[in-house]
Structures are given as C-alpha cells and as structure tokens.
Amino acid sequence: MPHRTLSKKTFLILVYIASFFYSFHYALPLYIESSFIAQFLSAEKMVGIIFAIAAIFTVILTFLFPRFLRRFGNYRVTLTVMGLESVSLLFLAIFGNPFIVIPLFILHQILVNVIFLSLDNFVESFSEDNKTGSIRGIFMTVLNIAIASAPLVAGLMLTDHDFWKIYLAAAIFMVFGIFIIAKNFRNYVDPKYLVPKFKETFSIVTKSHDLHAIIITHFLLSFFFTWMVIYTPLYLHKHIGIAMNDILGIIIPIALLPFIFFEVILGKIADKRLGEKEILVAGFILMAFSTATL
C-alpha cells in the first residue's frame, strides 16, 4: 500500500512525471548510440555484438528482478539503478578511452531496461483492474511524448559529432527522475512479490498456448524495434549521407508521432470495446505493410 498522505492518483501522477524524465533521458542518446559506440570499435559489425552482450545481461537481470524487489524493495532498487545510470552517463560524456567507454556503455544499456521495470512496477501497484488499459495507455503516452521530443532536442544540441553533450544532458534528466522518486516514495510499502523459479515458469509458459504465443510475438516485436533503432540511424547517416541533425530533428520525431496520438485511445478501446488481441493483430498488419513499403 502507498503512503497514506497521498492518494493513488497523486502517486500515479508522480510516477508519470518521473517516467517522463526517465524516458527523455533514455531517448536523448537513443538514436545516436550506434554511431557513438562505433567510434570506439574496430569494425562497424562489432556494434551489434556490443548490444547483444548488453541484452544477455539484461535478460539475466530481468529474471532476477523480483528477487531484488523482494529483498530491497522497489524504492531502493529504483534509486540505486537510477544513480548508477546517472554516473554511467556522466562518465560516457567525460571519458574517451574505449576500455572505459565500452563497459560503461553496456552497463548503461542494461540499466535503462531495469529502470523501466522499476517504474512499471510502481504503475502496476497503483493501478485498478478496471482501469488498467487507460492507466497504462497514459503511462505509455507519457513515455512516448518524451521519446518523440527528445531526438528533436538532441538534434538541436548536436553540431559536429559532439555526442558528449547528449550524454551529459541525459544524466541531468536522470537526476530529475531521482529527485521525484527520492522525495515522494520514501514511505512506499511494497506489495508481496512472487519470486518465480525458472523450471516452474518455463513449464507454465510451455503449457499455455496464449502465454508462449504472446512471448514469441513480443520477442519478434522487440527484435524489430531493436534492429531499427540500432541500424536505421547508422544506415541513414553513414551510407545514405543524411546529416545526423536531420535524422534526429526531422525524420525520427515525425516517425514517432503515432506513439503519442494512439496510446491513450487504444487503451480506452481495449477497456471498453475491442480486446488486446484484435489491436495487436491490426498493429502487426500495419507495421508489416509500412515496413515492406519502406
């Protein structure tokens, strides 16, 4: 249960604000990260390996995440990972040694995913079952507003591959998120966390057609997004010759506008009219068609 002096609605608003700062910090360097890390690698093909290493550790920490919550609580976990993320971004802005930058870059990639899990856990704890779609729709809209606007800001900041400015600004926005959580969630009382065992979880997933179908679907969607985020800016900039300022300031913000406009609407539709399955199918068809056209 949350602290008694604040209502669930107020806590949700605070989570939304912290999530906006998190998302803005995340999206500021998002579309320059492949170009940034490529500077410290001997070959462009190594970029994918670096992201893959970060993804493997992220998977491990995601599975261990409930254990951390059960032992330390979401308040402490969130502040810890946010603090580490701020320091990692600051060091990425300062240092130019590959032996320092590459491990910090991998750590940064891991932490942004763990922070999302922590914030998502706060949203879930303050959500009511009959309003889950709307609440998560607002949550995702807040995230996507930041994700759509941050590249525009990054494009204005970037001049001549001076990526350090972007990482420094991202660290500052992360500190704003830390301030919101530290000030308002100190007395947050965690719900009872279930710690899943791998064998039991795997057995449940394999026996449930719906579960393993949605997991495979989510895997394919994540694979698509990861591929596009890593390689589209790199391809447009290095091989097509489009200036990074134009990629960040024009192309990406326009491409991300549907994420802002559709999240709340689809959340309400999922609650009152259609189910998630129908929305998922329509989304995949639209994505497949548009990608094939591209």
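Among the elements of the chain, helix α4, formed by residues 74-94, has the highest mean pLDDT, at 96, whereas helix α11, formed by residues 257-272, has the lowest, at 71. These values belong to a predicted model. Over the chain the pLDDT averages 84, and 93% of the residues reach a score of at least 70.

The secondary structure is helical: twelve helices are present, and the number of strands is zero. Read from the N terminus, the order of elements is therefore α-α-α-α-α-α-α-α-α-α-α-α. The chain has a radius of gyration of 19 Å, close to the 19 Å that the globule rule gives for 294 residues, so it is as compact as a globular protein of that length. The C-alpha trace spans about 50 × 45 × 40 Å along its principal axes.

The arrangement of the chain was also described through burial, contacts and surface. Of the 294 residues, 40% are buried. When contacts with a sequence separation of 6 or more are considered, 81% of them join residues that are 24 or more positions apart. The exposed area of the chain is about 16,600 Å², and 71% of this area is supplied by carbon and sulfur atoms. As to charge, the chain carries 22 positive and 17 negative side chains. The centres of these two sets are 10 Å apart.

Four residues were examined individually, beginning with two in helix α5. This helix comprises residues 98-125 and includes Leu119. The relative accessible area of Leu119 is 0%, so this residue counts as buried, the cut-off being under 20%. Beyond its neighbours within four places in sequence, Leu119 is in contact with Val15, Ala18, Ser19, Tyr22, Met82 and Ile181. Arg67 is separated from Leu119 by 52 residues in sequence, and the C-alpha atoms of the two lie 16 Å apart in space.

Asn121 is likewise found in helix α5. Its relative accessibility is 12%, and Asn121 therefore counts as buried. With neighbours within four places in sequence set aside, the contacts of Asn121 are Leu69, Asn74, Tyr188 and Tyr193. One of these partners, Asn74, falls at the start of the residue range 74-94 that defines helix α4.

Ser35 provides a further buried position, located in helix α2, which covers residues 33-38. The relative accessible area of Ser35 is 7%; because this value is under 20%, the residue is classed as buried. Not counting residues up to four places away in sequence, Ser35 touches Phe163, Leu234 and Met244. Of these, Leu234 lies within the range of residues 209-240 that makes up helix α9.

Helix α9 also holds Phe224. At a relative accessibility of 21%, Phe224 counts as partly exposed, because buried residues must be under 20% and exposed residues over 50%. Apart from residues up to four places away in sequence, Phe224 touches Met287 and Thr291. The C-alpha atoms of Phe224 and Met174 are separated by 27 Å, and the two residues are 50 residues apart along the chain.

Key: Residues are numbered from 1 along each chain as its sequence is written. This is a predicted model: local features need pLDDT of at least 70, side-chain atom pairs count only at pLDDT 80 or more; totals for chains, interfaces and linings use all residues. Side-chain values use heavy atoms; hydrogens and water are left out. pLDDT is the predictor's confidence in each residue, from 0 to 100. Helices (H or I, at least four residues) and strands (E, at least two) are DSSP runs, numbered from the N terminus. The radius of gyration is taken over C-alpha atoms; the globule rule is 2.2 Å times the number of residues to the power 0.38. Buried means under 20% relative accessible area, exposed over 50%, partly exposed in between (1.4 Å probe, protein chains only). Contact means heavy atoms within 4.5 Å. Accessible areas come from the Shrake-Rupley method with a 1.4 Å probe; for residues, only the protein chains shown count as cover. Lys and Arg count as positive and Asp and Glu as negative; His and the chain ends are not counted. The place of a charge is taken as NZ of Lys, CZ of Arg, CG of Asp or CD of Glu.
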